[in-house]
Amino acid sequence: SLTTTNLTGVASGAGTFVAVGKGGTIAHSADGTTWSTTTTGATTTQDLLAVTYAGGLFVATGYAGTILTSPDGVAWTQRAAGVTTQYLTAVTHGAQYVAVGNAGVVLTSPDATTWTLQPATGIPATNALRGVAWSGTTYAAAGDFTTGGLPASTLAYTSPDAVTWTQHATGLGADCGGCAELYLGVAYAGGFFYGLGVDASIFRSSDGASWTRVMAATGRGQPGMGIGTTLNAVGYGASTFVAIGGPFLGVFTSSDGVTWTSRHSAACCKGNSSSIAFGSWTTPTAGQAFVIAAEDGMHSSTDGLTWAATPAFALGALNDSLDGVVYAGGQFVAVGRHFAGGGNYTGIVLTSPNGITWTDESTTSAINIGLDSLAYGAGHFVAMGTAPNVSSDGVHWTPENDGTTDPIAALAFGSGLFVAIVS
C-alpha cells in the first residue's frame, strides 16, 4: 500500500491530487490511482489535518500552527503562522485564505505566504473550529468544544471578512435535551453550507446561521453522552418500511428494505423511540398513519416520510416515556410509564382513532406498574411490565399473573401465542 499512516485530508488542483495525514505525510497523484510520497522542499513531522487547492496553490495545515504551501503538490514551502500551540484544522479561500483551528483561532492571508492572527474575532477560546467555508459573500465556521462542557445548542459562526464573526445558536442540540452536535467539517456547494458531523450526520444551511439536520448519524451515537444510535423498531405500511432509533439516528424509510433514506430533517422524536405502528381505516373518512412511541410523546406521519417537529401527544413529566404502540380494532393504543416518585412507576395508556387525536386513559386503566411493551392478538391487548395487563378495548384493563416479576422488554403475538422476551 502507499502508506499505513492515517490520511486526514485530500484536495485536487493543477492536474494533481494531494492527500495529507499523520506525521507530516504528503502524497500526490496524477490520476487518483497511482500515488507517491516523494516531495521536495519543506517537510514536517507534525500531523497535517487539512489541505485545499485555491488561488493556484495547495495549502496544508496541521498541528503546532503548521502551514505548508505548494504550486504542484510536490515542492513545498513552510509558512509562518504566528501560532505554535494551536492546531489548524481547516483552510478555505474566498476573498482571501482563511485557516481555523482550536481555541477559536482564525488566521487570514492574501497570498498564503504571510498570515495574520485575527485577535478580536469574538469566537470563544473554548471553541475548537473544525471547518470553514466561503459562499461568495460569507465565511461560515463551526466545530466542537475543548473546555467548559457542551452548550445547550451547537454554535456556528459567520463573517463577511473573516475578521469580525457573529455567533449563532443553531438549535441543534437543543432538540435532543442539550446534547450538542459536533461539526467535523464545513463545505459549500449548490447554494448551501454543509456541516459534516459525528457518525456521518449532515447539516445544511443557506446562510451559515440557521442549520437543519438532513442526514442523521448512522454510527455509535453522540460521543460522551451515553446515548447510542441503535435502531429500536421497524414498521411497515403503505408499501414503506419505517425504522426508528435514538435521537441521533431518527427515522429511516425504505421501499424495499435494502436501500434506506434518512428522514430526520426536523426535530422529531426527542429521546429514544421504542415502538412504531401503522394503521389504515375507511371510516368515517379514509386515512392512514404511522405513529411512533417515544420518550417525549407520540409522533405521527401520514406517509412515514414527513414528521412534525412537535409530538401529536406530548408527555409533560420528566422520566415519563412511551414504550409500546399497536394498531388494532380500529384504533391506536400506546402504553408507557409515569414516574410516581420513590422509584415507583404507574402505567400510561393512550388511545387514538387516527394517530393525531389522543385520549389519556391512564386514570381509567389504573395500572400500578410501568409498561414496557404491548401486543395485540386473539381479540385482546396485552401490556407488559413486571406483570401482564389485559384489555379488550384498550381502555379497561385487568392485571394478570405470569408467575414472574422480571420486566418484559418485548412482546409479540403469532400462531395463536403471545411470546415475551425478558429484559
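Student: How do you know that E1 and E2 pair, and in which sense do they run?

Tutor: E1 and E2 are joined over 6 bridges and run antiparallel. Two strands pair if DSSP finds at least two bridges between them, so 6 bridges meet the condition. One bridge sets Ser12 opposite Phe17 in E2.

Student: Before we go on, what kind of model is this?

Tutor: It is a predicted model, where local features need pLDDT of at least 70 and side-chain atom pairs count only at pLDDT 80 or more, while totals for chains, interfaces and linings use all residues. Residues are numbered from 1 along each chain as its sequence is written, and side-chain values use heavy atoms, with hydrogens and water left out.

Student: What makes a stretch of the chain a strand or a helix?

Tutor: Both are DSSP runs numbered from the N terminus: a helix is H or I over at least four residues, and a strand is E over at least two. Counted in that way, the chain has 1 helix and 38 strands.

Student: Which residues in the hairpins around E2 have a positive phi?

Tutor: In the E1 and E2 hairpin, with 2 residues between the strands, Ala14 has a positive phi near 55°. In the hairpin of E2 and E3, with 4 residues between the strands, Gly23 has a positive phi near 65°. E2 and E3 (residues 26–29) are antiparallel over 4 bridges, and Val20 faces Ile26 in E3.

Student: Why is E2 called largely enclosed?

Tutor: Buried means under 20% relative accessible area, exposed means over 50%, and partly exposed lies in between (1.4 Å probe, protein chains only). In E2 (residues 16–21), 5 of the 6 residues are buried, so the strand is largely enclosed by the rest of the structure. In the chain as a whole, buried residues make up 50% of the 423.

Student: Is Asn6 buried or exposed, and how do you know?

Tutor: Asn6 has 53% relative accessibility, which is over the 50% limit, so Asn6 counts as exposed. Asn6 lies in the segment before E1. Contact means heavy atoms within 4.5 Å. Leaving aside neighbours within four places in sequence, Asn6 is in contact with Gly21 and Lys22. The C-alpha atoms of Asn6 and Gly21 are 5.7 Å apart, across 15 residues of sequence.

Student: And Asn102, buried or exposed?

Tutor: The value for Asn102 is 13%, under the 20% limit, so Asn102 counts as buried. Asn102 sits in the loop between E10 (97–101) and E11 (106–109). Not counting residues up to four places away in sequence, Asn102 touches Gln86, Tyr87, Asn127, Ala128 and Leu129.

Student: What makes E21 and E24 edge strands?

Tutor: The open antiparallel sheet has 4 strands in the order E21-E22-E23-E24. E21 and E24 (261–262) each have a single partner strand, so one side of each is left without a neighbour in the sheet. E24 is joined to E23 (residues 251–254) by 2 bridges, which just meets the "at least two" condition for a pair. Phe252 has Ser262 in E24 as its bridge partner.

Student: What makes a space a pocket, and how is its volume found?

Tutor: On a 1 Å grid over the protein atoms alone, a pocket is an open set of points with protein on both sides within 12 Å along at least five of seven lines, and lining residues have an atom within 4 Å of a point. Points are joined across faces, edges and corners, and the volume is the space filled by probe spheres set on them. The largest pocket holds about 440 Å³. Of its 23 lining residues, the closest to the centre are Ala50, Thr89, Ala90, Arg130 and Gly185.

Student: How does that lining divide by class?

Tutor: It has 14 nonpolar, 8 polar and 1 charged residues. Ala, Val, Leu, Ile, Met, Phe, Trp, Tyr, Cys and Pro count as nonpolar, Asp, Glu, Lys and Arg as charged, and the others, Gly among them, as polar.

Student: Why is Ala90 called buried?

Tutor: Ala90, in strand E9, has a relative accessible area of 9%, which is under 20%, so the label fits. Residues that Ala90 touches include Ala50 and Arg130.

Technical notes:
On a 1 Å grid over the protein atoms alone, a cavity is a set of points where a 1.4 Å probe fits but cannot get out, and a pocket is an open set with protein on both sides within 12 Å along at least five of seven lines; lining residues have an atom within 4 Å of a point.
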